[in-house]
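Open the model in your viewer and keep the selection panel handy. We will make a few stops, picking out something new at each one.

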Amino acid sequence: MINTFLKNAQSLLKSQSLLSTRYARFCANSDSHHNSCADYQKLLEGNDLYVRQRNFSDPTYFERLAQGQSPKYLFIGCSDSRVPPNDLTQTGPGELFIHRNVANLVSPTDFNLNAVLEFAIHAIKVKHIIVMGHTRCGGVKAATEDKHHGMIDQWLAPIREVNHRYQEELSKIQDEEQRLRRLTELNIKEQVLNLCKNQFVQKAWAAGLQLEVHGWICEIETGRIIDLNVQQKEWKNMENFFKLKFPM
């Protein structure tokens, strides 16, 4: 056992040294800025260390991972780098099926998202779909501003609609951070209801599949996730206008 440990440790150190040497040579011979190259090198070295540590603690880990996936959860989150889904929920590879975009929107015309929904629900057969937004979201803040940001303005238009619809409530909140937080919560609720309107979600319900939808907000200031408990009655109130009938 001790010999195996030493052998693996030596192999790890040797690999790290070779990797560092290889990328140091690349940086020296390229026109890239040194700091930029070091940042890039850090990612590949991190991967090498990750693989070796995994193999050291569990030699068959990647072999098992390669056999397939059967996650119970589809996670729809914001692209913000401060809210990594696996870290926040203490889940590992294979446990979350993940889709991310700016401000965690569920757009009915987003082909990318719809492809993810169809595959997750009808192929992987997830049991839960979670929309998670977060405090201090740059997308939500940009949707409240009157200046031009570029292409993102068109993408954020649904949040502007939410902001307009709830303006009476939001205008009473004097503190800007609290007002943006409330808008973030309202946006999450809106995206959960958009899930309820989605054909692939409705098809699953019509077929009697177990599928629940949830809305979460993550407090970046604390790391805590709060379930907003988007009520099913809100969907029931609009169901007659959006419910689809599927051929048996």
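**Stop one: a helix pair**

Select α5 and α11, where α5 passes α11 in a right-handed crossing. Bear in mind as you look around that this is a predicted model. In residue numbers, α5 covers 111–124 and α11 covers 199–206. Their axes lie 9 Å apart and make an angle of about 20°. Angles under 35 degrees count as roughly parallel, and α5 and α11 are therefore roughly parallel to each other.

Now show side chains. From α5, pick N114, L117, E118, I121 and H122; from α11, pick F200, V201, K203 and A204. These residues make the contact, and by class it has 5 nonpolar, 2 polar and 2 charged residues.

**Stop two: the largest pocket**

Which residues lie nearest the centre of the largest pocket? Select V106, S107, P108, T109 and N194 to see them. The lining has 19 residues, and the pocket's volume is about 310 Å³. Colour α5 again, then add α7 (152–155), α8 (157–165) and α10 (176–197): these are the elements that give two or more residues to the lining. Coloured by class, the lining divides into 7 nonpolar, 8 polar and 4 charged residues.

**Stop three: from α10 to α12**

Keep α10 and add α12, residues 232–242. Here the axes are 10 Å apart, at an angle of about 45°, which makes α10 oblique to α12. This crossing is right-handed.

To see where the two helices meet, select K189, L193, C196 and K197 in α10 with E234, W235, M238 and F242 in α12. By class, this contact has 5 nonpolar, no polar and 3 charged residues.

Methods: Residues are numbered from 1 along each chain as its sequence is written. This is a predicted model: local features need pLDDT of at least 70, side-chain atom pairs count only at pLDDT 80 or more; totals for chains, interfaces and linings use all residues. Side-chain values use heavy atoms; hydrogens and water are left out. Axes are lines fitted to C-alpha atoms, for helices over the stretch in contact, and angles run from 0 to 180 degrees between N-to-C directions. Helices (H or I, at least four residues) and strands (E, at least two) are DSSP runs, numbered from the N terminus. Angles under 35 degrees count as roughly parallel, over 145 as roughly antiparallel, 65 to 115 as roughly perpendicular and the rest as oblique. A crossing is left-handed if the near helix is turned anticlockwise from the far one by less than a right angle, and right-handed if clockwise. Contact means heavy atoms within 4.5 Å. Ala, Val, Leu, Ile, Met, Phe, Trp, Tyr, Cys and Pro count as nonpolar, Asp, Glu, Lys and Arg as charged, and the others, Gly among them, as polar. On a 1 Å grid over the protein atoms alone, a cavity is a set of points where a 1.4 Å probe fits but cannot get out, and a pocket is an open set with protein on both sides within 12 Å along at least five of seven lines; lining residues have an atom within 4 Å of a point. Grid points are joined across faces, edges and corners, and a volume is the space filled by probe spheres set on the points.
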